Amino acid sequence: MSSDRDEILHAVSSAVLAVTRHLSVREVLQVIVRSAQRLLDARYAALGVPDDDGSFAEFVAEGITDKQWDAIGPLPRQHGMLGAMLREGTPARLADLRKDPRFEWWPKAHPVMKDFLGVPIRDGDEVLGIIFLANKRTPGGFTQADQDLLTLFAAHAAIALTNARLYENGRELAMLEERNRMARELHDAVTQKLFSLRLTAQAASSMLDKAPDKAGAELERVQRLAGEALSELRAIIVELRPAELDRHGLAETLRKHVRMLDRLHPARVTFECDELPPLDPAMEVAVLRVAQEALHNALRHSGADQVTVRLACEGKRLALTVLDDGEGFDQGESRGLGMVSMRDRAESVGGVMAVDSAPGNGTTVRVEVEV
């Protein structure tokens with residue numbers, strides 16, 4: 001047992017050290033799964049990290065070829081034995097998986113699995129994922145000693161997974177700090193450009209009567225400076241772009257934001273989205289910020305039971321709609337609800353915003369931008 005323990009600790013150490021070699025979370029999970037399969041002499045091994053949509057954010061497996069994966073189809077859902085283990089957070093060791101009442105089904109092309117050993121990967125009370133093995137090559141199936149080894153492995157795997165996440169988060173933070181530094185530099189450049197623009201406009205104004213030719217030249221310079229300032233402002237928007245947009249795009253970033261708000265607030269918050277074409281980065285930032293402000297208003301001020309966010313492509317225009325069934329308001333008294341800010345954001349990318357609300361009739365905020 002001591003030699004097995006030494007071997008498993010060495011394998012997990014390799015997984016943890018993999019993080020310092022700048023490997024991704026998925027690559028760390030693959031190290032873990034391969035080590036577990038080898039150490040416990042199993043034909044199949046897999047590790048799943050759940051997401052919030054009933055599936056898995058990560059799912060890696062050993063013993064199944066790419067051709068078999070293609071035949072099996074999409075990632076498994078959180079049902080059957082996998083779902084039960086995530087909910088219960090306890091190990092499962094079975095002589096025949098198919099005879100357990102928690103087993104439901106698997107796709108036609110899925111390999112037949114009989115003896116089964118699964119252990120949750122925990123960080124305190126939180127279940128980070130599950131690691132499981134099937135079809136032990138040694139006759140007799142998985143033993144209590146195997147379960148003890150896999151439990152030890154899972155405990156160290158939790159450290160590897162947490163460290164990998166911390167590394168990725170740290171990298172994102174460093175990227176964000178660099179972006180903010182660049183944005184500050186751009187802000188200074190735009191401030192100087194606008195100052196020059198103001199002085200040039202004043203000079204042109206003073207020359208209009210006495211030296212119209214020189215005034216015309218100054219006005220041309222005003223036009224050029226205004227164009228340069230606009231370009232640099234757009235660059236600031238891109239540099240201040242949330243990291244989530246780079247990773248997931250507008251639709252998925254907004255979907256995750258809506259899902260978080262739905263959990264935090266008593267109102268039901270839902271998201272609907274068409275398939276979107278590639279979007280300009282500045283447009284994504286503007287639409288996201290308008291949606292966030294409109295959601296804030298609906299959840300903080302309207303008393304709504306239902307808030308719906310929709311993203312759709314209508315011809316050559318991207319349409320964002322945020323509607324609620326709340327109290328509504330008199331549009332003549334809408335100042336202080338961020339309407340000016342939202343409208344400015346929409347117009348900064350060539351869009352238009354409309355608000356439809358009345359006391360007792362809810363509120364609809366709609367933005368249209370040409371893509």
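Start with the open sheet of five strands, whose order is β6-β7-β8-β10-β9 and whose pairing is mixed. At its edges are β6 (268–273) and β9; each has a single partner strand, so one side of each is left without a neighbour in the sheet. Direction ignored, neighbouring strands of this sheet are turned by 10 degrees against each other on average. The model in the viewer is a predicted one.

**Helices on the sheet**

Add helix α8, residues 281–301. Helix α8 lies across β6, β7 (306–314), β8 and β10, and its direction runs at about 10 degrees to that of β8. Next, show helix α9, residues 339–348, which packs on the sheet and touches β9 and β10. The direction of α9 makes about 145 degrees with that of β9.

**Strand β10**

Select residues 363–370 and display the side chains, which alternate along the strand. Which side chains point to the buried face? They are T363, V365, V367 and V369. T364, R366, E368 and E370 point to the other face and are not buried.

Now bring in the strands that pair with β10. Strand β8 (residues 317–324) runs antiparallel to β10, and eight bridges join the two. To see one bridge pair, select A319, whose partner in β10 is E368.

Strand β9, residues 352–357, also pairs with β10 in the antiparallel sense, here over six bridges. Two residues of the pairing can be picked out: V355 has V365 as its bridge partner in β10, and D356 stands opposite T364. V365 is one of the buried residues of β10, whereas T364 points to the other face.

Follow the chain through the hairpin of β9 and β10, where five residues lie between the strands. Stop at G360, which takes a positive phi near 85 degrees.

**Two cysteines**

Select C273 and C313 and show their sulfur atoms. How far is the sulfur of C273 from the closest cysteine sulfur? The distance is 8.4 Å, to C313, which is too far for a bond. A disulfide is a covalent bond between the sulfur atoms of two cysteines. The cut-off for counting one is 2.5 Å between the sulfurs, and the structure holds zero disulfides. Seen from C313, the nearest cysteine sulfur is likewise that of C273, and C313 is in no disulfide. Both residues are partly exposed: C273 has a relative accessible area of 29%, and C313 has one of 24%.

**Strands β3, β4 and β5**

Move to strand β4, residues 116–123. Is β4 largely enclosed or open? Six of its eight residues are buried, so β4 is largely enclosed by the rest of the structure.

Show strand β3 (residues 92–94), which pairs with β4 in the antiparallel sense over three bridges. R93 has L117 as its bridge partner in β4. Strand β5, residues 126–136, is also paired with β4 in the antiparallel sense, over eight bridges. Here L117 stands opposite L133. Selecting L117 therefore picks up a residue with a partner in β3, R93, and another in β5, L133. In the hairpin of β4 and β5, two residues lie between the strands, and G124 takes a positive phi near 65 degrees.

**E62 and its contacts**

Finish at E62, which is in strand β2, residues 56–62. Its side chain is joined to that of R34 by a polar contact of 3.2 Å. Leaving out residues up to four places away in sequence, E62 touches V33, R34, Q37, R43, Y44 and A45.

Technical notes
Residues are numbered from 1 along each chain as its sequence is written. This is a predicted model: local features need pLDDT of at least 70, side-chain atom pairs count only at pLDDT 80 or more; totals for chains, interfaces and linings use all residues. Side-chain values use heavy atoms; hydrogens and water are left out. Buried means under 20% relative accessible area, exposed over 50%, partly exposed in between (1.4 Å probe, protein chains only). Helices (H or I, at least four residues) and strands (E, at least two) are DSSP runs, numbered from the N terminus. Two strands pair if DSSP finds at least two bridges between them. Axes are lines fitted to C-alpha atoms, for helices over the stretch in contact, and angles run from 0 to 180 degrees between N-to-C directions. Contact means heavy atoms within 4.5 Å. A polar contact is a pair of N or O atoms within 3.5 Å; within protein, one must be able to donate a hydrogen and the other to accept it, and residues adjacent in sequence count only if both atoms are side-chain atoms.
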